[in-house]
Amino acid sequence: MEQINQFSNNWIDEYHEGARYGLRGKILVNEKSDFQEITIIDSPRYGRGLLLDGCWMTAEKQEKHYHEAIVHPALCSSKNLRRALIIGGGDGGTARECLRHLSLEQLDMIELDRRVVELSKKYLNCIGGSAWEDPRLKLCFEDGIEYVNNLDNDIYDVIIVDGSDAKGPAKGLFNKIFFQNCRRILKSGGVFATQSESPESFQKIHIETIKIIREVFEYADPLYGWVPMYPSGWWSWTFAAIDSPRYLEPIPNRIKAIKDTCHIWSPTWQQGAFQAIPAFVERELNK
Ligand code: SPD
C-alpha cells in the first residue's frame, strides 16, 4: 500500500514506520537488478540521488555528511595505512574519501551489485569521481560476506562496511559471524568501521549492532552525526579496534593531509561526535 505512492506527484519518498522522508524531484532510472530495485533521481534540493529498494543511500549535495563520517575516523587512526577494504559502497563516495589518504597503497572494494556501480558511474559521477580511475582501487563484484569468510587472518589496516539497512542483501552485514570474520582479517593495529543505523528510527538494531560489535572486538564506540535524507536524519557509525580505542585519536600527519578540504569532518567534530552518545543508548549499553 505504502509503496504504491512512493514515487508520485514529483515526490520521491522513503517510507519508514509511518513516516516518510522525501525530496521533490524526478526519477531518472528505476530498474530491478539481480539483487534489488535501483532508483536514481534528480532533485532541486540535493541534486542527483540513489535509492536501493526504496531507501535513500546518497545524494550529491549531502553525501559528505555520511562519507566523511564513516571514513576519516578510521583512516586517520589505524597504526599503519597500507591496505584497506570496503564492503559495499557502490556509489563510490567511501572509496573517494579513502583515496584522499595518499599513504594508502591498496583499496579493495567488494560490491555485491555491479549495476549499482555502473549506474553510479553514469549518473552520480561527482560522488565517486576520480576514485574509479585510481590504480590503487581494486574493485570486485562479489558477496562481501563470502569474501571475508574466505580470507586469511591479519590482512587489512582498515575495514569499512558501507552497506544498506539491515534487511535484504545487507542483512548479513549485521551478523556476529560477519563481524568475527572482520576482526580476524583486521591487523592488530587496525580499525573497523560500519554504518550502524539511526538511534531514533532504527533504535533496536542500532543498539544490538553496537552490543554485538563490542562482544567481538576489544574496543568499540558509536559516533553520531546527520544524514539529511535518512529516516530521522540522525545517524550513527560504529568504530572498533583490537589493541586500543585508537579510533578516538586521529594521528596528526593524517589530520593535516585532509582537514582543510573536508566539509564535515575535523578532529573537533570527531571528538564531539563520539561524545554525542544519547543517554538512552548509553544506559542500554551499560546494562
Ligand atoms: N538508511 C540508509 C543506510 C545506507 C548506508 N549506506 C549508504 C551508502 C553510501 N555510500
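This is a walk through the two domains of the chain, the interface between them, and the ligand site.

A few conventions will help: the model is predicted, with local features needing pLDDT of at least 70, side-chain atom pairs counting only at pLDDT 80 or more, and totals for chains, interfaces and linings using all residues. Residues are numbered from 1 along each chain as its sequence is written, and side-chain values use heavy atoms, with hydrogens and water left out.

Let us start with the overall layout. The chain is assigned domain 1 (8–57) and domain 2 (63–285), with bounds that come from an automatic or database domain assignment. Taken over C-alpha atoms, the centres of the two domains are 23 Å apart.

Now look at where the domains meet. On the domain 1 side, 23 residues are in contact with 21 residues of domain 2, where contact means heavy atoms within 4.5 Å. Together the domains bury about 2000 Å², 66% of it on carbon and sulfur atoms; buried area is the accessible area (1.4 Å probe) that two parts lose on being put together, summed over both. Within domain 1, Y21, F35 and M57 lose the most area to domain 2, and together they account for 25% of what that side buries.

The interface has polar features too. One salt bridge is counted between the domains, a salt bridge being a side-chain nitrogen of Lys or Arg within 4 Å of a carboxyl oxygen of Asp or Glu. The side chains of E31 and R115 meet in a salt bridge, at 2.7 Å from N to O. Seven residue pairs, both residues at pLDDT 80 or more, are in polar contact across the interface. Here a polar contact is a pair of N or O atoms within 3.5 Å; within protein, one must be able to donate a hydrogen and the other to accept it, and residues adjacent in sequence count only if both atoms are side-chain atoms.

Next comes the ligand. Among the residues surrounding the ligand are W56, M57, Y66, D91, G163, D165 and W235, each with a heavy atom within 4 Å of it. M57 thus appears here as well as among the residues of domain 1 that lose the most area to domain 2. For the polar detail, an N or O atom in the side chain of Y66 is 3.1 Å from a nitrogen atom of the ligand. The side chain of D165 places an N or O atom 2.7 Å from a ligand nitrogen, while G163 has a backbone N or O atom 2.8 Å from a nitrogen atom of the ligand.
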